[in-house]
Amino acid sequence: MPPRKSNLNNCDECKKDVGSEDKALVCCVCEKWFHINCQRVTLEDYKFLAKSDDSIQWYCKGCRGASLKLFKMLTLVSKRQD
Ligand SMILES: [Zn+2]
Ligand SMILES: [Zn+2]
């Protein structure tokens with residue numbers, strides 16, 4: 001059976017470990033970890049997101065693309081309703 005020891009997360013971009021010293025974010029959609037450098041998140045953005053540690057609303061590149069499409073669709077729909 002697979003060992004369930006303390007979760008060492010891997011960055012889904014570079015596949016390397018995300019250590020506690022690393023600056024990394026977890027995507028709130030796919031729940032994968034990414035180094036901020038791997039996702040081109042600025043240090044300012046990271047600090048801002050890390051402050052609101054309770055509900056980090058951060059999307060990785062892949063999920064952001066998907067949600068942007070959804071967002072555009074929603075705005076289209078709401079425009080139509082006006
Ligand atoms: Zn990485
Ligand atoms: Zn994601």
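# Two zinc sites and a nonpolar core

Mentor: Before we start, keep in mind that this is a predicted model; the protein averages a pLDDT of 82, and 85% of the residues score at least 70.

Trainee: Which elements have the lowest and the highest mean pLDDT?

Mentor: Helix H2, residues 61-81, has the lowest mean among the elements, at 78, whereas S4 has the highest, at 95. Residues 2-6 call for separate mention, since their pLDDT is below 50 and the stretch makes 0 contacts in the model beyond near neighbours in sequence.

Trainee: What's the order of the elements, and how many helices and strands are there?

Mentor: The protein has 2 helices and 4 strands, and from the N terminus on they run β-β-β-β-α-α.

Trainee: Okay, on to the metals. Which residues are the protein donors of the zinc ion (ligand 1)?

Mentor: The zinc ion (ligand 1) is held by the SG atoms of Cys-11, Cys-14 and Cys-38 together with ND1 of His-35, at 2.0 to 2.3 Å. Along the chain these donors follow the spacing C-x2-C-x20-H-x2-C. Cys-11 sits in the loop between strand S1 (9-10) and strand S2 (17-18), and Cys-38 in the loop between strand S4 (33-35) and helix H1 (43-51), so that the pair links distant parts of the chain, 27 residues apart.

Trainee: And why is the arrangement around that zinc ion (ligand 1) called tetrahedral?

Mentor: Because the 4 donor atoms subtend angles of 101 to 118° around the zinc ion (ligand 1), and four donors count as tetrahedral if all angles lie between 85 and 135 degrees.

Trainee: Are Cys-11 and Cys-38 buried or exposed?

Mentor: Both Cys-11 and Cys-38 are buried.

Trainee: What about the zinc ion (ligand 2), which donors does that one have?

Mentor: Its protein donors are the SG atoms of Cys-27, Cys-30, Cys-60 and Cys-63, lying 2.3 Å from the zinc ion (ligand 2). The angles among these 4 donor atoms are 102 to 117°, and the site is tetrahedral. The sequence spacing is C-x2-C-x29-C-x2-C. Within this set, Cys-30 lies in the loop between S3 and S4 while Cys-63 belongs to helix H2, so the pair ties together parts that are 33 residues apart in sequence.

Trainee: How accessible are Cys-30 and Cys-63?

Mentor: Cys-30 is partly exposed, with a relative accessible area of 28%, whereas Cys-63, at 14%, counts as buried.

Trainee: Switching topic: which residues touch the most other members of the largest nonpolar core?

Mentor: That core has 14 residues, and the ones touching the most other members are Leu-25, Cys-27, Phe-34, Val-41, Trp-58 and Cys-60. S3 and H1 each supply at least two residues of the core. Cys-27 and Cys-60 are also among the donors of the zinc ion (ligand 2).

Trainee: Tell me about Trp-58, then. Where is it found, and what does it touch?

Mentor: Trp-58 is found in the loop between H1 and H2 and is buried, with a relative accessible area of 6%. Not counting residues up to four places away in sequence, Trp-58 touches Leu-25, Val-26, Cys-27, Cys-28, Phe-34, Gln-39, Val-41, Leu-49 and Arg-64. Take Leu-25 as one example: it lies 33 residues from Trp-58 in sequence, yet the two are 7.5 Å apart in space, C-alpha to C-alpha.

Trainee: Gln-39 is on that list; is it buried or exposed?

Mentor: Gln-39 is buried, with a relative accessible area of 5%, and lies in the loop between S4 and H1. Leaving aside neighbours within four places in sequence, Gln-39 is in contact with Glu-13, Phe-34, Trp-58, Cys-60, Lys-61 and Arg-64. Phe-34 in turn has contacts that include Cys-11, Leu-25, Cys-27, Trp-58 and Cys-60.

Trainee: Last thing, the backbone. What is phi for Glu-31 and for Arg-40?

Mentor: Phi of Glu-31 is near 60°, and Arg-40 has a positive phi of about 55°, although neither residue is a glycine. Most residues other than glycine have a negative phi. Glu-31 is placed in the loop between strand S3 (24-26) and S4, and Arg-40 in the loop between S4 and H1. Glu-31 counts as exposed at 61% relative accessibility, and Arg-40 is likewise exposed, with a relative accessible area of 74%.

Notes. Residues are numbered from 1 along each chain as its sequence is written. Chains are lettered from A and ligands numbered from 1 in the order in which they are written. This is a predicted model: local features need pLDDT of at least 70, side-chain atom pairs count only at pLDDT 80 or more; totals for chains, interfaces and linings use all residues. Side-chain values use heavy atoms; hydrogens and water are left out. Donors are N, O and S atoms within 2.8 Å of the metal (3.2 Å for Na, K and Ca); water is not among the atoms, so sites may look incomplete. Four donors count as tetrahedral if all angles lie between 85 and 135 degrees; four count as square planar and six as octahedral if opposite donors are over 155 degrees apart and all others between 65 and 115; anything else is irregular. Buried means under 20% relative accessible area, exposed over 50%, partly exposed in between (1.4 Å probe, protein chains only). pLDDT is the predictor's confidence in each residue, from 0 to 100. Contact means heavy atoms within 4.5 Å. A nonpolar core is a set of buried Ala, Val, Leu, Ile, Met, Phe, Trp, Tyr and Cys residues joined through side-chain atoms within 4.5 Å.
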